[in-house]
Amino acid sequence: MSHEQHQQLLNVLHECMEACNHCYNACLQENDIKMMADCIRLDRECADICGYLEQAISRGTPFVSELASVCAKICEACGNECKKHDHDHCQACAEACLKCAEECKKVA
């Protein structure tokens, strides 16, 4: 599939990456940073895989399906972790991650 055929996925991947980066930075500013450790780790993992998949699609990788499957798993894990926290940045990140996981599953 071409870059244009994946435009919706590319948009959602970018939104998720940005939400995870924002959540990551905001979590580092929270008072109880130890409580946020899993959230911070998953934010980093999720932003990295979303950014990687976005780049891979842009350069025409033949592994879109396989990478999207891995991305969906990581996005879902990050979204579920972020949902546990009441912070606005975590809730926004959870929403972006779970939306991204669903888009990735369509391609996987």
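In this predicted model, the sulfur of Cys82 lies 3.5 Å from the closest cysteine sulfur, which belongs to Cys39, and this is too far for a bond. Cys82 is also buried, its relative accessible area being 0%. A similar reading applies to Cys97: the closest cysteine sulfur, in Cys20, is 3.6 Å away, again too far for a bond. Cys97 is likewise buried, with a relative accessible area of 0%. A disulfide is a covalent bond between the sulfur atoms of two cysteines, and the cut-off applied here is 2.5 Å between the sulfur atoms. By this rule the count of disulfides is zero.

The partners named above, Cys39 and Cys20, lead conveniently to a pair of helices, since both residues appear in the contact of H1 with H2. Helix H1 covers residues 7-27 and helix H2 covers residues 37-58; their axes come within 8 Å and cross at roughly 155 degrees. H1 is therefore roughly antiparallel to H2, and the crossing of the two is left-handed.

On the H1 side, the contact is made by Leu9, Leu10, Leu13, His14, Cys16, Met17, Cys20, Asn21, Cys23, Tyr24 and Cys27. These meet a set of H2 residues that includes Cys39, Ile40, Cys46, Ala47, Cys50, Leu53 and Ile57, along with Asp43, Arg44, Gly51, Glu54 and Ser58. Sorted by character, the residues of this contact divide into 16 nonpolar, four polar and three charged. Asp43, Arg44 and Glu54 of H2 make up the charged group, while His14 and Asn21 of H1 are among the polar residues.

Notes: Residues are numbered from 1 along each chain as its sequence is written. This is a predicted model: local features need pLDDT of at least 70, side-chain atom pairs count only at pLDDT 80 or more; totals for chains, interfaces and linings use all residues. Side-chain values use heavy atoms; hydrogens and water are left out. Buried means under 20% relative accessible area, exposed over 50%, partly exposed in between (1.4 Å probe, protein chains only). Axes are lines fitted to C-alpha atoms, for helices over the stretch in contact, and angles run from 0 to 180 degrees between N-to-C directions. Helices (H or I, at least four residues) and strands (E, at least two) are DSSP runs, numbered from the N terminus. Angles under 35 degrees count as roughly parallel, over 145 as roughly antiparallel, 65 to 115 as roughly perpendicular and the rest as oblique. A crossing is left-handed if the near helix is turned anticlockwise from the far one by less than a right angle, and right-handed if clockwise. Contact means heavy atoms within 4.5 Å.
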